[in-house]
Amino acid sequence: MDEIKEYLPMLIPIVVVQLSLLVYVLVHILKHDHYKTGSRALWLAVVLIGMNFVGPVIYLIFGRDEE
Amino acid sequence: MNGIVPFFKKEICEMIRTKRLMVLGIVFTLLGIMAPWLAKLTPKMYEMLSDDLDQQGVIIKDVKVTALDSWLNFEKNLPMALIIMLIIFCSIFTNEYSKGTLIPLITKGLSRTGMVLAKVTVMMLTWTAGLWLCFGITCFYTDFYWDNSTVSGIAFSTFCWWLFGVFMICTETFFSSFASSSAQVLAGTGAVYFILMLAGAYKKLSELLPVRLTDSTSLYKSSLSKSDYFTAIIITAALSVVLILSALIKTGKRSI
């Protein structure tokens, strides 16, 4: 338990940022049906596989339609 | 030069509405936390691997992690942050040219020089804010768990990285001034990065090239002093100015 306490100051911000990013991106994918490239299924797969911020960032750069 | 203020406001507005600012903010924050986080986890990872390694004859006794490991991770993360930023900004000029959204503004009398300078300023401001945010987070956590004073030149090496980023932004602006698509801009900027890295492998040349600025490891370990970087700093700054000036000339002549 003490060990976890030592990690908490870093663990909490990481979890908060990554989870909020994941939720934001998932909601964004489900609300839109036009993407720069790819389909909804593809982006859901990418985001869920690369959950720890790589997937969501890839979606935001290459998938999110800016219109 | 007129038009720099309205273009600047427009760029800031665009950064916020297209969520570029948010994406970059998250990337820089996460990379800032990742550096000390990975350093903190290193002993745990070795512990998990130790059974396998024992069978291969490698015996691991207590692994010591210091502030240096955290800063080395920080240095390794920076190229990723820079590349993500360059990818996000590769379409900042070409998108407008291909959609023709600049025509109304330019024909109303705002200058092209102002447009280019406003975009470059916004890119540089983003890089500056992001990099120092990343630096601040790593600095805080590293000092929290270890001691920053054992590593030398952390602020100076980050300044060098900042200058290298500015140089890459100028390169991107230069390619944007004549390329017709964002893919070409990205290819050109990537080629410059790649060629610089290759040329940097040649020891005598690397002292003069901008890549010298990305060598933070030697600074952390004090095997190089600050004065060894000055030639590279001056050359990088001069190259950036030249790139911006030629971008201004080229943009002035291109058809929008």
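Start by selecting the contact between the two chains in this predicted model: 20 residues of chain A and 24 residues of chain B take part. Together the chains bury about 2,100 Å² between them, and carbon and sulfur atoms account for 76% of that area. Now pick out Y7(A), M10(A) and F53(A): this trio gives 30% of what chain A buries against chain B, more than any other three residues.

Next, show the side chains of E6(A) and K40(B). They form a salt bridge, with 2.7 Å from N to O. The count of salt bridges between chain A and chain B is 1. If you switch on polar contacts, look for 4 residue pairs across chain A and chain B, both partners at pLDDT 80 or more.

Then colour chain A by helix. On the side that touches chain B, α1 (2-31) and α3 (54-63) of chain A each bring at least two residues. The largest share there belongs to α1(A), with 12 residues. Recolour that side of chain A by class and you will find 14 nonpolar, 5 charged and 1 polar residue.

For the last stop, turn to the cysteines. How many disulfides does the structure hold over all chains? The number is 0. Select C134(B), which is in no disulfide: the nearest cysteine sulfur belongs to C139(B), 11 Å away. Is C134(B) buried or exposed? C134(B) counts as buried because its relative accessibility is 1%, and the cut-off for buried is under 20%. Finish on C139(B), also in no disulfide, whose nearest cysteine sulfur is that of C134(B) at 11 Å.

Note on methods:
Residues are numbered from 1 along each chain as its sequence is written. Chains are lettered from A and ligands numbered from 1 in the order in which they are written. This is a predicted model: local features need pLDDT of at least 70, side-chain atom pairs count only at pLDDT 80 or more; totals for chains, interfaces and linings use all residues. Side-chain values use heavy atoms; hydrogens and water are left out. Contact means heavy atoms within 4.5 Å. Buried area is the accessible area (1.4 Å probe) that two parts lose on being put together, summed over both. A salt bridge is a side-chain nitrogen of Lys or Arg within 4 Å of a carboxyl oxygen of Asp or Glu. A polar contact is a pair of N or O atoms within 3.5 Å; within protein, one must be able to donate a hydrogen and the other to accept it, and residues adjacent in sequence count only if both atoms are side-chain atoms. Helices (H or I, at least four residues) and strands (E, at least two) are DSSP runs, numbered from the N terminus. Ala, Val, Leu, Ile, Met, Phe, Trp, Tyr, Cys and Pro count as nonpolar, Asp, Glu, Lys and Arg as charged, and the others, Gly among them, as polar. A disulfide is a pair of cysteine sulfur atoms within 2.5 Å. Buried means under 20% relative accessible area, exposed over 50%, partly exposed in between (1.4 Å probe, protein chains only).
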